Amino acid sequence: MADFLITTLELPAWLAWSITAMVAAVLILNVIAGGALVFIWAERKIAGRIQDRLGPTRTGGKFGWLQSLADGIKLLAKEDLMPDGADGMLFRIAPYVSFCASFCAFIAFPFAFDFIGQRLNVGVFFVIAVLGLEVFGVILAGYASASKWSLFGAMREAAQVVSYEVPLGMCVVVPVMLAGSMDLVTIAEKQGGWFTSWFLFHDPFTFVVFWIYVTCAIASVNRAPFDLAEAESELVAGFHTEYSGLRWSYFFMAEYGSMFLVSALAAILFMGGWNGPVPVASILGLSEGTSDTANYFVRLLGMINLLGKATLGVLAMMWIRWTLPRLRIDQVMATCLKYCTPLAAAMFLGAMLWQIALPGGLVPGLRRPAAEIREGWLPGPGGAARSVGEDAGTVVKVGA
Amino acid sequence: MAHLLDDDPRIIEFDVRTDEMLVNMGPQHPSTHGVLRLVLRTDGEVVSEVEPHIGYLHRCAEKIGENITHRQFIPYTDRMDYLAAMNMNLGWALAVEKLMKYQVSERARHLRVLIAELNRIASHLVGMGAYGLDLGTFSPFLYAFREREKILDLFEEACGARLTYSYITVGGLTADLPTGWLQRCESFLEQFEPIIQEYHALLTTNAIFVKRTANIGVMSRELAIDYGCSGPVLRGSGVDQDMRRDGEAIYTAMYEGYAFEVAVMKDGHYPRDHDYPAVPADAVLGDCWHRFFVRMLEVVQSMDLVRQAIDRYSACKGPLGDPVKLTEKMPAGDAYLETECPKGQMGFYIVSDGSAIPWRARARSSSFSNLAVTHELCRGCLIADVPAIVGSLDVVMGEIDR
């Protein structure tokens, strides 16, 4: 788009890039806000159905589809309260820190090939790192609220999220190793073709890694059964006890944004990203990359695919939330330190050895290298034959 | 201070220690079951001391009892344990009847058993659902309330109220059952029976639930007896006592001919008359899991009793009999009677000077004694265990404060 502005409209480069950045930011913001609205509504409906009730039914005519918007208006109209002893500036800043972290992580996140705010060659690293910043907002909120319950929530959040980033990082490193790149676009492209080429089915180790990733992802975004930072039966509402109105809704949006992000990340890392289980586009002969319309159509299809997978992940999180009791803090830490971390490390080692011993997989014909399907789209030579040792070395450093 | 830190290593050690913090849990807290206030002394996540503060719901019910007649006091008993108001009515009614040496008709006796046991199911459903809530799972709570609603519907048909019934009264019951009620009750039981397995799947045998409750808040037999605990809390510690079997004659006579086995672990196992899930390996007798499990067993036990009561009640052809007059004089003297309410042994003490108005009305609450043991159980546990322990005691503040 920037190129278009520079060449066709002859705008100066700085203006063109600024406009592009703004458009991308607005689009991403809308994806998060709109997504949060839909997911909050979905959560209400799903929770309702799981609990033998109807959920919202009237707002907006049918199915209560306007419920989240009505909630939003209610939150806007609420009195903005701040406790007497609170640290004013930090108290005000905290929700935005949380939200910004969740929002910024989307910048490097590809919704389809080329549907991306800014493609980074360390996309995975960027997303995980920025998502990790969300915890600062929570800690700030807990510290600045001048409430003991908030402080407990923040302490728990700090302990939990920081611990779970370790196994989460290890899990993320496995697909990175298999793809030989930290670029999210490349990782997704490597899984093109039938669903058998998804990293989830790459080898038994990645299959296990996927489930460890799911556990750690739920824990790192503070969803039940790991929602200790806001455990309502113990800590009233944890870190956001003292928040109300719009500020509170920023925490809420950040939560849903992160939920969506980790689910979408799982889709890209393990479930083929925008590649559907069946390569519809290539069967139809659309994936040649010859005509612009065909390309656009394929990407749109891919985006729907990715959003579908991410939504499935979010729905699974909701299902888990409304079914399971909450763990205790020591049990949460034990799950991380005693099970997830060693298991993830072992699986990482296993996947590495598998990659060396059986680079083509157990059944060689089953997994078609991505290069065959979308040759010409990838920057530089791709394919499964890429040397492993060199990339694995780089990757280990990042994981550690 | 700084120069001291340089010299003495012990002071540095002391300085590293985290501060203790006093935290108020309640009276406005989501998991304190009403207006209970717990003052926690915490060191990080570890709770070193818990002190329950009560009195936020005090309504002078006992003093009011000295100004109204015995039958007029029935609605006040409703508001003691409002989750099991029928059992409260029954306790007071039986205490007055004991003083009056009054014998209700056979039909009224079976109807009382039916109603009281049905209310026990409702009360335990709330206890079970709210316990899930304390542990952070929301759905079982609504599954429990869904079934409780059906019991409340039945009660509404019988007496017109859904929470404060005043149905059982001195000298019998205020009204007989409407036609078709027994069939509806039977079909409810039919429909409810398989659902208990759902509760077991979601809570009793759930791995996280077991992790959160097994070996937490272990109350030894001796401790339970020392603190005067009763009901499922006492039986959860393995003490074989149930007022329906071991109580005074006027109360046990009500259950005469009814077959039921007290839900308590004897010789290492629970009564085996139904298909219950196995006790998890981690669970220790007297912990939160056992207290919860005893309640679940009592739901099934009460269902059995309700079924037996339906049979006996419909076999009774005699009249139900009218309750005593509102102003019926009581003989001078006193009477104390403990009944087995869902929460434990609820005692009513009544002193009469010969008029219809008691000279002294006194209630002995089971929740009060059960709550008193909190500070023993919560010593050294984690913050998350406090709701788990208090929830497993299943206290009702209306009964504690009266």
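**Notes on the two-chain model**

1. A good place to start is a helix pair in chain A: the axes of helix 3 (residues 67-77) and helix 11 (residues 245-270) of chain A come within 6 Å and cross at roughly 135°. That crossing makes helix 3 of chain A oblique to helix 11 of chain A, since angles under 35 degrees count as roughly parallel, over 145 as roughly antiparallel, 65 to 115 as roughly perpendicular and the rest as oblique. Axes here are lines fitted to C-alpha atoms, for helices over the stretch in contact, with angles from 0 to 180 degrees between N-to-C directions. Helices (H or I, at least four residues) and strands (E, at least two) are DSSP runs numbered from the N terminus.

2. Before going further, some housekeeping. This is a predicted model, in which local features need pLDDT of at least 70 and side-chain atom pairs count only at pLDDT 80 or more, while totals for chains, interfaces and linings use all residues. Residues are numbered from 1 along each chain as its sequence is written, and chains are lettered from A and ligands numbered from 1 in the order in which they are written.

3. Back to the helix pair. Gly72(A), Leu75(A) and Leu76(A) on helix 3 of chain A meet Gly245(A), Leu246(A), Trp248(A) and Ser249(A) on helix 11 of chain A; a contact means C-beta atoms, placed from the backbone, within 7 Å. The residues of this contact divide into four nonpolar, three polar and no charged. In this scheme Ala, Val, Leu, Ile, Met, Phe, Trp, Tyr, Cys and Pro are nonpolar, Asp, Glu, Lys and Arg charged, and the others, Gly among them, polar.

4. Chain A as a whole has 16 helices and zero strands. Of its 400 residues, 48% are buried, that is, with 20 or more other C-beta atoms within 10 Å of their own C-beta, placed from the backbone. Among contacts in chain A with a separation of 6 or more, 77% are between residues 24 or more positions apart.

5. On confidence, the model scores ipTM 0.76 and pTM 0.82. Chain B averages a pLDDT of 85, and 95% of its residues score at least 70; pLDDT is the predictor's confidence in each residue, from 0 to 100. Please treat two stretches separately: residues 1-5 of chain B have pLDDT below 50, with four contacts beyond near neighbours in sequence. Residues 9-14 of chain B are also below 50, with three such contacts.

6. The contact between the chains takes 23 residues from chain A and 26 residues from chain B. On the side of chain A that touches chain B, helix 7 (148-179), helix 10 (232-235) and helix 14 (329-357) each supply at least two residues. By class, that side of chain A has eleven nonpolar, four polar and eight charged residues.

7. Chain B offers an open antiparallel sheet of three strands in the order 6-7-8, where strands pair if DSSP finds at least two bridges between them. Its edge strands are strand 6 (333-341) and strand 8 (360-364) of chain B. Nine bridges join strand 6 to strand 7 of chain B, and these two strands form a hairpin with two residues between them. Five bridges join strand 7 (residues 344-352) to strand 8 of chain B. Helix 5 (residues 85-100) of chain B lies across strand 6 and strand 7, at about 150° to strand 6 of chain B.

Conventions: A residue is buried if 20 or more other C-beta atoms lie within 10 Å of its own, exposed if 12 or fewer, and partly exposed in between; C-beta atoms are placed from the backbone.
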